[in-house]
There are 2 protein chains.
Amino acid sequence: MLQESSVDSSGSRFAPLVVLELASDTKEEAIAWLLSRIRDWQQNGGAELLVEQLGPGIGVEEKENPNMFLVGASMQRLLCGAEDLGLFKECTDGSMRAFTFASKHNFKDFKGDGDGFLSMAECQYVIKHELDTLRAKEETNVPGYSHAKLYPGKSIIRRLLSKGILIQMFPLHENEELKRLSFSWYKKVKVSLQPLDDIRHYYGEGQALYFGFLEYFTFALVPMALIGVPYYLFDWEDYDKYVVFAVFNLIWCTVILELWKRRSASLAYYWGTLCRKKAFEEPRPGFHGVLGHNPVTGRAEPIYPTSKRHLRVYLVSLPFVLLCLYLSLYIMMIYFQMEGWALSIYDENPTFWTHILLFIPSIIYAVVIEAMNLIYRYAAEFLTEWENHRLESSYQNHLVLKVLVFNFFNCFASLFYIAFVMQDMELLRQSLATLLITSQILNQFMEAFLPYWLQRRRNKKMIRKIQKRRLYEEKELPLVEQVRLEADMSTYLGTFDDYLELFLLFGYVSLFSCVFPLAAVLVVLNNITEVYSDAFKMCRVFKRPFADPAANIGVWQLAFEAMSVIAVVTNCALIGMSPQVRSYFPESETQLILCTVAAEHVLLGFKFILTFLIQDVPKHIQDKLARLEFESLEALKKKVSTSTL
Amino acid sequence: MLQESSVDSSGSRFAPLVVLELASDTKEEAIAWLLSRIRDWQQNGGAELLVEQLGPGIGVEEKENPNMFLVGASMQRLLCGAEDLGLFKECTDGSMRAFTFASKHNFKDFKGDGDGFLSMAECQYVIKHELDTLRAKEETNVPGYSHAKLYPGKSIIRRLLSKGILIQMFPLHENEELKRLSFSWYKKVKVSLQPLDDIRHYYGEGQALYFGFLEYFTFALVPMALIGVPYYLFDWEDYDKYVVFAVFNLIWCTVILELWKRRSASLAYYWGTLCRKKAFEEPRPGFHGVLGHNPVTGRAEPIYPTSKRHLRVYLVSLPFVLLCLYLSLYIMMIYFQMEGWALSIYDENPTFWTHILLFIPSIIYAVVIEAMNLIYRYAAEFLTEWENHRLESSYQNHLVLKVLVFNFFNCFASLFYIAFVMQDMELLRQSLATLLITSQILNQFMEAFLPYWLQRRRNKKMIRKIQKRRLYEEKELPLVEQVRLEADMSTYLGTFDDYLELFLLFGYVSLFSCVFPLAAVLVVLNNITEVYSDAFKMCRVFKRPFADPAANIGVWQLAFEAMSVIAVVTNCALIGMSPQVRSYFPESETQLILCTVAAEHVLLGFKFILTFLIQDVPKHIQDKLARLEFESLEALKKKVSTSTL
């Protein structure tokens, strides 16, 4: 809980939840208009929220932005918002149901006037939703800004953001909660699992699912790492004895992905997101179009023709991706030239320094790959934004697809080339090790330590400033300073990069790890530090992100499954190429290939059947979902019978 | 509509819908008990239906069964039954909604007291459902039959059937409707499509979807047949020039299956079955177990542990299927021995008669295959029944899986052996042609002409009998005679065999037709006669079947898709084996195989992507479904808010 409450315009105090930071030179009339729209009744198209300007800090200086606003809401408004969003909560009978204000007393944790029923993350999510869906009515432009055009149905917040009038909107941290969470998460010496429920409570379901997946993935890798160590210790040079390891790989990666689906469904059910999202997905705030009527809900919302979007996807985005792939291929060829050049120098003059030189091309290539991935990422984001997807999920899918294809190609093309064209297992092992280690080091650095270091510098400045004035004796910062401090923190950009990293690691492990058995060990170690560094950056480095009520890891599940299919193919090919297997077919290479292909088809078929046999949702949760479905159909019948249509 | 109405016990007349035929020696007390249970109020656990004994026929003879009962219901009872079943009907606003009695006036075709709102097939389905779910209360056995044990929750009808007390239960035909339908369906010279809506109206959605699929499949085959004819005419001996044809095959079979999903979804939406079934699937009448509570609906129903069922499936059914596959393989080997023996006789003494002898083994093998399929079918049905599946859909899935695997193996194993082990394209073509033609002739004979001939003999006897007495001047048979006539007709056993036949034809066309381009032409011709013979047997040969509110062709969609994946593999292999392609790789067979495998993987990947890109349900129907889902969630919120939980 925050230490201080503000006083709203009507005189009652409210707990600030979300901060709006407008540009310091925003015109008064625009501010007055925005505040009135936020405070206005819902019937009049307002958001009916409480909002107040943040007072001047203790260290008042000229450069401080005066236009920071705290947004909150009455408990009743928050509860109604939760109903609008269709939040699922646990009922007294143990089932999960959509919350409604009228039936509030049927819910388990509802006491008194509902204080503490919604977590702060949920309250902030409600407020974000209400602000995002605050749409223009008859206004043709933002008052005072004739270039900031508005039309009926346009999201006001989005327009203000795109015109630079609104700088940012972020939810506030809760210091007490955060301390408790960070202690149980990463500060104590760990023998326990991560506190997923607490993470979900503080950061929302999307974050919690990411950390759940990270944990699951790490545990799933342990057997592989355990098998990998003796392989590494006793058969280091016999890298042709990897058949057993490759077979293990195949079964492993199929089974863990199927079991994750079940675990994910269980988590999502008890977090109330499993059955929530489908029907309630509002258009994403960035979506623009002509105001029309949504054919599903009947509500007014912008309409954008699918054909136009398809044109943009197929005529602009697709050629761009292909061009980037070509560029990546080109750079890979330069890398092989460098590799050959380094090798020729070493052959001419084999000293210690020229031996070191052998690793230089791989390291440079790894750095270049990371840089290209980074640049491409921005381009992909821009393009996907421009494609103007209606739903956030659709936006995410297109973005993930673009980035995945490129990153996969960029990271693994050279390994495929070495493995299957050059067929040089020694070089493959060396390349794999270099790529893996370099990218891990770069990632951990870019992800956690760099932002932490930047943040620390800013924090120190702020704390020094306050200490200089020394007006307060309390250890805690006052609200005003706390808000300004958080406003300066970096913005967390979602779990995308974290998943992408896991995806590439999964690729390194499942595709080629049989030639470098230590890969799994490295990835396990990386994942353990990743848990700590991710937890640390969530708690200390970044602004609190808005909760994201995800029911599963979404398109990433598909991405990981696609990777596991590719892993079956590469592992079969590696097995077929091993001298061990070749020795069974001394006279006929044709027979060897045919047998390998047959084995691969059988394995793919088996994988497919396994996917069917292992049910995605555990039986007891299936029953609960079916019960909800059944009740909702019964209720619909009742509704049709009482309404006049 | 039937020509005559009966008078029920309370004196009011009712239209008979369903006939129950009890054994002629059934004890009076059992009959009285059954009738009272059927007539009893629903609150008392009865079915609340009207039931009356069928009067003696005009041609009363000693051997006529007196224990035939006509079952009907009041319009209000039927409408309530339709509500219980969750039947979807078109509303006045054009959307499809679950029918409820209270909101009856919101539905489009509801006029007056609802006469004609439900089709006769729907009324019969309602009555079947009510009879099937008529369950024992405290009775420990059927009165008068101490061996016919009952326990609370046991379906009475099912127990009577299994003990031979109830001989059969069937819905009555409507002669006027049937005449109209059969005229528009198969009697007029056709340039039009089949009257699918009328078929659905008379026979229900399951039948109509089968005929819809048959029609769709036939049209889909036309381009293939058109390409096949010139291939056959001009390149008969150049069977190596089939690469283009094989490539066409690949694309064709992927696209048509995807498009069928869309067509099927459209049909099912407008027939009201697309969103209906999932939540309302009652346990199948044959399911037995200890009475417990369904975790979804909370209603009392038998419970049978899944682990026991799994034991039966994996320890009994699976070994049995494997044994049958082994047997089938053994018989195939005998066939190849016969083939070799015939060839050796022909080589020794090449006359016209020994040339004919060459075809004999194939024909014998084809007949043996059909016979084995038939026998296996009964075994599979027995086993699947014994596995005691709770849902009809689960029963169907297990039955289809068992039969499919065996039939696929039985029909195609020899072709695979010839194509890929013997690599004898000439023999493959000959075998394919013989198998296809023999099985078509056998099927048409077994399916339509044999039952028709048997039926005709029975009908003639009946008509002669009536004409002998000549009591009535009307052309139409009186109700009593009509009922007895229908009771003697064969029972239609569902669309299973029809789909299976289409599945095998699809296999012949998609797997190997490139070596026998006329296959598609033969299949098109077969399908056209199949429409007529199936329509004919539905209208004239069989008892009317109960409607089956199917939303899609179910597990057959999956079966056809699996076949199309196998077709990609076989076609790629056939292309790789063609002399045309081989000539591109004169020096290296390895390279040829690698290229073929690479092409196959690319095609499989492309097929997979295509499956994603083509949406299963057309956009406008997706919107309507989402709207229903949205409304039902809104209604649930309302319900939660008004109930006290």
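How far apart do the end C-alpha atoms of residues 313-336 of chain A lie, and what percentage of the span is helix and what percentage strand?

**Conventions.** This is a predicted model, in which local features need pLDDT of at least 70 and side-chain atom pairs count only at pLDDT 80 or more, while totals for chains, interfaces and linings use all residues. Residues are numbered from 1 along each chain as its sequence is written, chains are lettered from A in the order in which they are written, and side-chain values use heavy atoms, with hydrogens and water left out.

**Exercise 1.** Answer the opening question, and set residues 502-525 of chain A beside that span.

*Solution.* The end C-alpha atoms of residues 313-336 of chain A are 33 Å apart, with 100% of the span in helix and 0% in strand, where helices are DSSP runs of H or I of at least four residues and strands are runs of E of at least two. For residues 502-525 of chain A, the end C-alpha atoms are separated by 13 Å, and the chain there is 79% helix and 0% strand. Both stretches are among those that an unreviewed UniProt entry labels "transmembrane region"; such annotations may be inferred rather than shown by experiment.

**Exercise 2.** Determine how many disulfides the structure holds, and explain why C253(A) forms none.

*Solution.* A disulfide is counted when a pair of cysteine sulfur atoms lies within 2.5 Å, and over all chains the count is zero. The closest cysteine sulfur to that of C253(A) belongs to C572(A), and because the separation is 11 Å, it is too far for a bond. In chain B, the sulfur of C595(B) has its closest cysteine sulfur in C572(B), at 12 Å, again too far for a bond. As to surroundings, C253(A) is buried at 0% relative accessibility, whereas C595(B) is partly exposed at 36%; buried means under 20% relative accessible area, exposed over 50%, and partly exposed in between, with a 1.4 Å probe and protein chains only.

**Exercise 3.** Describe the placement of L250(B) and name the residues that it touches.

*Solution.* Begin with the helix: L250(B) is found in α8 of chain B, which covers residues 243-270. Next, its relative accessible area of 5% makes L250(B) buried. Finally, leaving out residues up to four places away in sequence, L250(B) touches A567(B), V568(B), N571(B) and L603(B), a contact being heavy atoms within 4.5 Å. Of these partners, A567(B) is 317 residues away along the chain, yet its C-alpha atom is 7.0 Å from that of L250(B).
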